[in-house]
Amino acid sequence: MCKAVNMLKIVANSVDLMQGQKKVKTALISVFYKDGLEPLVRQLNDLGVEIYSTGGTQKFIEDLGINVNRVEDLTSYPSILGGRVKTLHPKVFGGILARRELAEDVAQLEEYDIPPMDLVVVDLYPFEETVKNGGTESEIIEKIDIGGISLIRAAAKNFKEVMIISNRNQYPAVTEILSSQNGESSIDQRKKLAEAAFKVSSSYDTAIASYFMGEEECPLIINESEQKSLRYGENPHQEGIFYGDLNKMFDQLHGKELSYNNLLDVDAAVQLISDFSDEKATFAILKHNNACGIASRDTVAEAYKDALAGDPVSAFGGILICNKAIDAATAEEINKLFCEVVIAPDFDEQALEFLKQKKNRIVLKQHKVETASFQIRTALNGYLYQDKDRAAERTTDFEGKTDQKATDSQLKDLEFALKIVKHTKSNAIVLAKGEQLLASGTGQTSRVDALQQAIAKAKQFNFDLEGAVMASDAFFPFPDCVEIADKAGIKAVVQPGGSVKDQLSIDYCNENGLAMVFTGVRHFKH
């Protein structure tokens with residue numbers, strides 16, 4: 001999936017002609033919608049461009065008093081089969097697809113008297129509109145464009161030579177290019193237009209596939225050749241499928257097949273540990289996509305022990321992940337716990353012997369593979385797209401806001417806690433000390449509730465909060481959170497800031513000797 005960018009603005013404003021500068025001398029225009037076309041046609045005429053066209057578009061251009069060549073005269077074939085075949089001919093496609101830098105291609109153009117096309121202006125039959133307007137099956141099928149989509153793809157493929165206009169919304173931008181650049185275009189401009197053309201092609205085919213699939217709304221077609229049916233979805237009555245190649249991500253060394261819920265938790269674990277990839281040994285335990293224990297230590301065994309201490313109750317049935325190879329001593333301890341999945345970049349041979357003692361325990365050796373840089377989810381009658389939250393603030397990004405400055409150890413813990421809260425369901429609060437998660441408040445409707453949940457949980461497992469630090473995924477609208485944290489023994493706070501009442505929290509910290517830093521970056525997770 002590509003982000004929808006304002007390609008037209010980029011194209012229209014790009015006047016720096018780089019390598020691959022081409023001048024439009026010949027154009028093919030064949031469109032369903034004529035509105036907005038006139039200024040472009042007149043600009044082409046003013047530039048002396050030879051224009052070829054068909055049917056209604058040809059008549060439209062002639063009515064403007066502009067000379068136009070009939071495609072039928074070029075091909076020596078009329079439009080046949082009720083208009084189903086008009087431009088599907090070597091004399092049309094040869095002129096579009098010819099590689100001008102190849103002598104043999106140019107020779108064949110001359111041999112068969114084929115004019116090279118520098119600009120193709122095509123839109124597509126209104127298939128989606130016909131479906132939405134309740135057209136009959138026969139009417140809908142006739143609106144499946146064949147020649148138009150072929151012209152678009154051919155011109156886009158040969159963008160090194162040809163400009164392709166695939167949408168009437170592009171007319172003003174291309175008219176401006178031709179006007180300001182004396183009929184010339186750069187390779188970058190043509191490539192941007194080709195990118196847009198392939199998006200048009202993809203969207204059009206998706207709409208057609210949707211119709212044949214019986215979907216009322218156009219689905220998001222997933223272009224993944226690999227797919228795997230899961231036992232079920234989030235619950236047994238829901239169907240589940242994974243699209244993608246898990247073998248690129250992991251070697252599964254043991255255990256049952258990954259379930260839908262396993263995959264969600266594994267994804268959350270991989271995203272979390274990726275923020276600790278360059279750290280010393282870090283072990284995390286997750287449940288329902290949230291960390292219930294995490295610690296960074298000099299050895300993997302110590303990291304696991306202190307991660308488990310964070311919440312040994314929630315760890316039951318959890319997902320375990322480490323950023324270093326798991327050794328035998330650690331695996332022996334893990335084997336005492338019922339857990340669903342264990343993930344690491346490698347395992348000692350003896351460690352695997354311990355971990356394989358539980359028949360269904362899933363053991364995954366993780367490869368270094370880039371995960372998707374974006375996220376997609378359904379919403380209402382459509383889809384939401386966003387970049388992944390890749391922001392990772394370090395201590396050098398912190399802005400001190402209080403008289404009391406955070407110590408070096410506090411800064412290290414604040415950075416540690418911030419990495420965790422970024423991957424915790426909002427509203428979220430994380431309490432940490434000595435690079436260990438003491439407790440977190442997750443998915444609460446108020447930040448105060450999240451903090452109180454975290455404090456209660458820390459006390460439940462006998463953690464001393466004196467000297468601990470607190471990280472918040474979003475700003476504090478009131479000073480109540482820093483006051484509650486202070487009374488629990490917390491001495492340093494990191495938050496994004498940005499509330500109109502930030503000063504109230506700053507004032508409380510100054511009056512009570514707390515250190516607080518701002519990052520300027522919010523980390524909501526829903």
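Which residue in β6 stands opposite Val120? In this predicted model, the residue facing Val120 is Ile164 of β6. The pair belongs to the contact between strand β5 (residues 119-122) and β6, which run parallel and are joined by three bridges. Both strands form part of an open sheet of five strands, in which the order is β4-β3-β2-β5-β6 and the pairing is parallel. The sheet ends at β4 (69-70) and β6 (163-165), the edge strands, each of which pairs on one side only. Strands of a sheet pair through backbone hydrogen bonds, in either a parallel or an antiparallel sense.

A second set of pairings involves strand β23 (residues 515-518). Here β22 and β23 are paired in the parallel sense over four bridges, with Ala492 standing opposite Ala515 of β23. Strand β18 (residues 399-400), in contrast, runs antiparallel to β23 and is joined to it by two bridges; in this pairing Glu399 stands opposite Phe518. In a regular strand, side chains alternate between the two faces of the sheet. Within β23, Ala515 and Val517 point one way, whereas Met516 and Phe518 point the other way, and all are buried.

Nonpolar packing was examined next. The largest nonpolar core comprises 48 residues, of which Ile29, Leu40, Leu44, Ile96 and Val121 touch the most other members. Leu40 touches Val121, Ile165, Tyr171, Val174, Thr175 and Leu178 when residues up to four places away in sequence are not counted. Apart from this largest core lies another, of 41 residues, whose members include Ala268, Ile420, Val430 and Ala515. Ala515 is also one of the buried residues of strand β23.

The charged side chains form 24 salt bridges. Side chains of opposite charge can pair when their charged atoms come close. In one such pair, Asp105 and Arg99 meet with an N to O distance of 2.8 Å. The two partners differ in exposure: Asp105 counts as buried because its relative accessibility is 10%, below the 20% limit for that class, whereas Arg99, at 41%, counts as partly exposed.

Two further salt bridges illustrate local and longer-range connections in sequence. The side chains of Glu415 and Lys419 meet at 3.8 Å, N to O. Because these residues are four apart in helix α17 (residues 408-422), about one helical turn separates them. Glu415 and Lys419 are both buried. The side chains of Glu466 and Lys491 also form a salt bridge, at 3.8 Å, N to O. Glu466 lies in the loop between α18 (447-460) and β21 (469-472), and Lys491 in the loop between α19 (480-488) and β22 (492-495), so this pair ties together parts that are 25 residues apart in sequence. Glu466 has a relative accessibility of 46% and therefore counts as partly exposed; Lys491, at 27%, likewise counts as partly exposed. Elsewhere, Lys192, Glu195 and Lys199 are linked in a network of salt bridges.

Asp145 provides an example of an acidic residue with a polar contact to the backbone. This residue is found in the loop between α8 (137-142) and α9 (147-157). Asp145 counts as buried because its relative accessibility is 7%. A polar atom of the Asp145 side chain lies 2.7 Å from the backbone nitrogen of Gly148. Leaving aside neighbours within four places in sequence, Asp145 is in contact with Asp123, Leu124, Tyr125 and Tyr204.

The cysteine residues were considered last. The number of disulfides in the model is zero. For Cys481, the closest cysteine sulfur is that of Cys509, 11 Å away, and is therefore too far for a bond; the cut-off for a disulfide is 2.5 Å between sulfur atoms. Cys481 is buried, with a relative accessible area of 2%. Cys509 is likewise in no disulfide, the nearest cysteine sulfur being that of Cys481. With a relative accessibility of 0%, Cys509 also counts as buried.

Terms used:
Residues are numbered from 1 along each chain as its sequence is written. This is a predicted model: local features need pLDDT of at least 70, side-chain atom pairs count only at pLDDT 80 or more; totals for chains, interfaces and linings use all residues. Side-chain values use heavy atoms; hydrogens and water are left out. A salt bridge is a side-chain nitrogen of Lys or Arg within 4 Å of a carboxyl oxygen of Asp or Glu. Buried means under 20% relative accessible area, exposed over 50%, partly exposed in between (1.4 Å probe, protein chains only). A polar contact is a pair of N or O atoms within 3.5 Å; within protein, one must be able to donate a hydrogen and the other to accept it, and residues adjacent in sequence count only if both atoms are side-chain atoms. Contact means heavy atoms within 4.5 Å. A nonpolar core is a set of buried Ala, Val, Leu, Ile, Met, Phe, Trp, Tyr and Cys residues joined through side-chain atoms within 4.5 Å. Two strands pair if DSSP finds at least two bridges between them.
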